[in-house]
Amino acid sequence: MAALTLHHHSCLQASGHLSRRLYHSKFSSFTRNHLRDLSFRLSPADFSSFLLSTRSTAFAVRALSTVSVEESPEKKMVKGIRVYEHGGPEVLKWEDVEVGEPKEGEIRVKNKAIGLNFIDVYYRKGVYKPASMPFTPGMEAVGEVVAVGSGLTGRMIGDLVAYAGNPMGAYAEEQILPADKVVPIPSSIDPIVAASIMLKGMTAQFLLRRCFKVERGHTILVHAAAGGVGSLLCQWANALGATVIGTVSTNEKAAQAKEDGCHHVILYKNEDFVSRVNDITSGKGVNVVYDSVGRDTFKGSLACLKSRGYMVSFGQSSGSPDPIPLSDLAPKSLFLTRPSMMQYNETRDELLECAGEVFANVQSGILKARVNHKYPLSRVADAHADLENRITSGSVVLLP
């Protein structure tokens, strides 16, 4: 069907007083609409005439050739996840969601694989606040470009692209993305691998290469060393020549951490990690701590640092750390930062350089993506529960 808009002065010829009620066999009546503002649906074959009625008189009306006809855009529905209230994994609802057409500077992507990250849990629980409710979570995906907005160059239908960060909304079969937020995927990298390493790999890149630049001879402490980001931090830091100490919760995760380049692995449930770090470093401490755990490890992490050491708190899986007075940093002249990848990839050049280094390290073998768990997107609630309960290791990928 087409949408036909009638304008009283320019598009119709009629005589007599025009009524407020319109009758035609092809459409329902519209009460109390002035004709000049009336829009209705009509088959193109029926444009030639129709009837207008007053209380006592019917008029024949002929549409002029200048009547404009616009096709109403069809709403495209796909499956996705919606969150209507903050809470546990049960608030993740699998339902039909609308995806529009890309506007200027945008593309529509059909997702092939979606990365699961702890930041998704933070938004689900309300630790971080989404721009609006309801919302679709997810900040990492790889997919195929299926539509391109007007005037856009550099992206073509069929391109395989990845994105990580904003805008949120990856938990869907298709999504609209700004073209300048996606990066091309090298043909040698599998989409599932790319989805597992895009956000986590770029997080590792800015933490190791820009937030605190790890170099040969440094000693570092990585909490959750067998997790998605932790695994990559250990591999990359080892390749840079650092001595890597990692904390994990189980023997199985300890074995993985050693494979990933940890020189010393601490089972934090069985031993005090502060004492063990002190022993390993002969009381000197470490140059930097990468702490994604938060409340349970924060104060101990500060105690592990050497003079002028860097405390990099980039997550809070156990909850937000308790506040400390600034004077606590003074005895060892410590640095404390709470970084986010979004601020380290603010420009297109920064994004391309960051992603390029990640992909280059995957291709060279420096980084090995551990895709240890795959879930259907429809079962993302199970994936969230397993991630929060520390059942998972390495990367978790959702498949639409």
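1. Let's start just past helix α3, where Gly241 takes a positive phi of about 95°. Helices here are DSSP runs of H or I with at least four residues, strands are runs of E with at least two, and both are numbered from the N terminus. Please keep in mind that this is a predicted model, in which local features need pLDDT of at least 70, side-chain atom pairs count only at pLDDT 80 or more, and totals for chains, interfaces and linings use all residues. Residues are numbered from 1 along each chain as its sequence is written, and side-chain values use heavy atoms, with hydrogens and water left out.

2. Helix α3 itself covers residues 228-239, and its 12 residues should span 16 Å at 1.5 Å a residue. The expected span is 1.5 Å times one less than the number of residues. The C-alpha atoms at the two ends are 17 Å apart, which agrees.

3. How many residues of α3 are buried? The count is 10 of the 12, so the helix is largely enclosed by the rest of the structure. Buried means under 20% relative accessible area, exposed means over 50%, and partly exposed lies in between (1.4 Å probe, protein chains only). Among the buried residues of α3 are Leu232, Leu233, Cys234 and Trp236.

4. One neighbour of α3 is helix α2 (residues 191-211): the two axes come within 9 Å and cross at roughly 50°. Axes are lines fitted to C-alpha atoms, for helices over the stretch in contact, and angles run from 0 to 180 degrees between N-to-C directions. The pair α2 and α3 is therefore oblique; angles under 35 degrees count as roughly parallel, over 145 as roughly antiparallel, 65 to 115 as roughly perpendicular, and the rest as oblique. The crossing of α2 and α3 is right-handed, the term for a near helix turned clockwise from the far one by less than a right angle, with anticlockwise being left-handed.

5. As for who touches whom, α2 brings residues including Ile197, Ala204, Leu207 and Leu208, while α3 brings residues including Val229, Leu232, Leu233 and Trp236. Contact means heavy atoms within 4.5 Å. By class, the α2 and α3 contact holds nine nonpolar, four polar and two charged residues. For these classes, Ala, Val, Leu, Ile, Met, Phe, Trp, Tyr, Cys and Pro are nonpolar, Asp, Glu, Lys and Arg are charged, and the others, Gly among them, are polar.

6. Helix α2 also packs against helix α8 (residues 348-364), at an angle of about 105° and with the axes 9 Å apart. That angle makes α2 and α8 roughly perpendicular, therefore. The α2 side of this contact includes Ile197, Met198 and Met202, and the α8 side includes Leu351, Val358 and Phe359. Here the split is nine nonpolar, two polar and four charged.

7. A further helix pair is α1 (residues 118-125) with α9 (residues 380-388), at about 105° and with axes 10 Å apart. This makes α1 roughly perpendicular to α9. Phe118, Asp120, Val121, Arg124 and Lys125 of α1 meet His384, Leu387 and Glu388 of α9. The classes are three nonpolar, one polar and four charged.

8. Is Lys253 buried or exposed? This lysine, found in helix α4 (residues 251-259), is buried, with a relative accessible area of 13%. Leaving out residues up to four places away in sequence, Lys253 touches Ala226, Val248, Arg390, Thr392 and Ser393. Its C-alpha atom lies 9.3 Å from that of Gly394, although the two are 141 residues apart along the chain.

9. Two backbone details are worth a look for cis prolines. The peptide bond from Met133 to Pro134 is cis, with omega near -10°, and Pro134 sits in the loop between α1 and β11 (140-148). The bond from Asn166 to Pro167 is cis too, with omega near 0°; Pro167 sits in the loop between β12 (160-164) and β13 (174-178).

10. Positive phi also turns up outside glycine. Arg308, in strand β19 (residues 305-313), has phi near 60° and is exposed at 61% relative accessible area. Ser333 has a phi of about 50°, lies in the loop between β19 and β20 (335-337), and is partly exposed at 44%.

11. Finally, the whole chain: nine helices and 22 strands, with buried residues making up 48% of its 400 residues. Of the contacts between residues at least 6 apart in sequence, 67% join residues at least 24 apart.
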